[in-house]
Amino acid sequence: GERNPQTEGPRDVSVERRRGGAGRSIKEGNGLMKIYKKFMNVIAAVEKVVLSVVLVIVTAITFANVVVRKLTSSQFAWSEELVINLFILLIMLGCALAAQEGSLISLSLIYDRLQTGAKKVFITIISVFNLVFWGVLIKTGFEKVINQMDTGKHTSSLNWPEWVFTIFLPIGAIFLALHTIEFFVDNVIGDGLTAEGEDGND
């Protein structure tokens with residue numbers, strides 16, 4: 001029959017309130033997760049655009065340098081310096097996108113044989129170690145940038161401030177840290193591993 005709140009005892013009412021509060025908490029959590037995922041997807045989209053632009057620039061400079069070297073006896077002296085440093089940016093952002101999907105080098109021989117609960121523990125351990133390393137990289141990277149700003153050092157070929165290229169390292173480490181946290185949240189706090197398991201059973 002229909003439930004009458006007026007005839008229910010205090011215990012029944014308190015249980016209903018707890019259930020209602022839990023429901024609201026789950027909805028609020030899901031809402032925050034959606035906002036967080038949208039934010040991270042925007043970051044990933046920006047990274048992909050930067051990667052594409054930098055790759056085009058590196059390819060164009062390298063191709064032009066080869067053509068000039070073949071047709072003449074000279075070459076762009078500054079091209080090697082620029083291309084090498086842009087490759088650092090490519091590597092850092094590429095690794096960051098790989099971290100988003102958990103595609104960085106890992107012990108898959110062990111991971112693939114674990115159950116869902118054990119996988120979450122494994123991901124937690126790996127994420128903690130990775131975040132410590134990215135943190136050290138961010139700290140030392142920005143210290144190096146500040147030092148180069150103070151000393152006013154410039155590159156040998158382009159005569160640009162050295163920190164312009166050095167800053168690629170800590171910035172890339174920041175994106176790596178963000179995507180490491182994202183992968184942890186998706187698979188340990190979220191239901192990423194559960195969905196992966198269901199897909200594997202289909």
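Is W160 buried, exposed or partly exposed? Keep that in mind, everyone, while I show you around. Hi, and thanks for having me. One thing up front: this is a predicted model.

So, W160. At 38% relative accessibility, W160 counts as partly exposed, because that value falls between the 20% limit for buried and the 50% limit for exposed. Now look at its partner, F165. Here the relative accessible area is 6%, so F165 is buried. The two rings form a stacked aromatic pair, with 5.7 Å from centre to centre and 25° between the planes. F168 joins in as well: W160, F165 and F168 make up one aromatic cluster.

How many aromatic pairs are there in the count? The answer is three. One of them is F133 with W134, whose ring centres are 5.3 Å apart. Their planes meet at 65°, and planes over 60 degrees apart count as edge-to-face, so this pair is edge-to-face. These two neighbours also give us a nice contrast in burial. F133 has 49% relative accessibility and counts as partly exposed, whereas W134 is buried at 9%.

W134 takes us to helix 4, which covers residues 116-151. Let's do a little check together. With 36 residues at 1.5 Å a residue, helix 4 should span 52 Å, and its end C-alpha atoms are indeed 52 Å apart, so the two values agree. Several residues in helix 4 are buried, among them F122, I123, W134, L137 and V145. The buried list there also includes K119, S127 and Q148. Just after helix 4 comes G152, with a positive phi of about 70°.

Next, the inside. In soluble globular proteins, nonpolar side chains tend to be buried together. What does the largest nonpolar core look like here? That core has 17 residues, and V54, V58, L82, L86 and F168 touch the most other members. You have already met F168, in the aromatic cluster. Helix 1 and helix 2 each supply at least two residues of the core. Helix 2, residues 79-100, gives the most, with seven.

Let me finish on the outside. Which residues form a nonpolar patch on the surface? They are V42, V46 and V50, and together they have about 220 Å² of accessible area. V42 lies in helix 1, which runs over residues 10-71. At 52% relative accessibility, V42 counts as exposed, since the cut-off for exposed is over 50%.

That's my tour. Happy to take questions!

Conventions. Residues numbered from 1 in each chain as written. Predicted model: local features only at pLDDT ≥ 70, side-chain atom pairs only at ≥ 80, totals over all residues. Heavy atoms only, no water. Phe/Tyr/Trp six-rings, centres within 6.5 Å; stacked < 30°, edge-to-face > 60°. Buried < 20%, exposed > 50% of the residue type's maximum accessible area, 1.4 Å probe, protein only. Patch = residues over 30% accessible without salt bridge, like charges linked within 9 Å, V, L, I, M, F, W, Y side chains within 5 Å. Areas by Shrake-Rupley, 256 points an atom, 1.4 Å probe, with all protein chains shown as cover. Salt bridge = Lys/Arg side-chain N within 4 Å of Asp/Glu carboxyl O. Helix = DSSP H or I, 4+ residues; strand = E, 2+ residues; numbered from the N terminus. Expected span 1.5 Å × (residues − 1). Core = buried A, V, L, I, M, F, W, Y, C linked by side-chain atoms within 4.5 Å.
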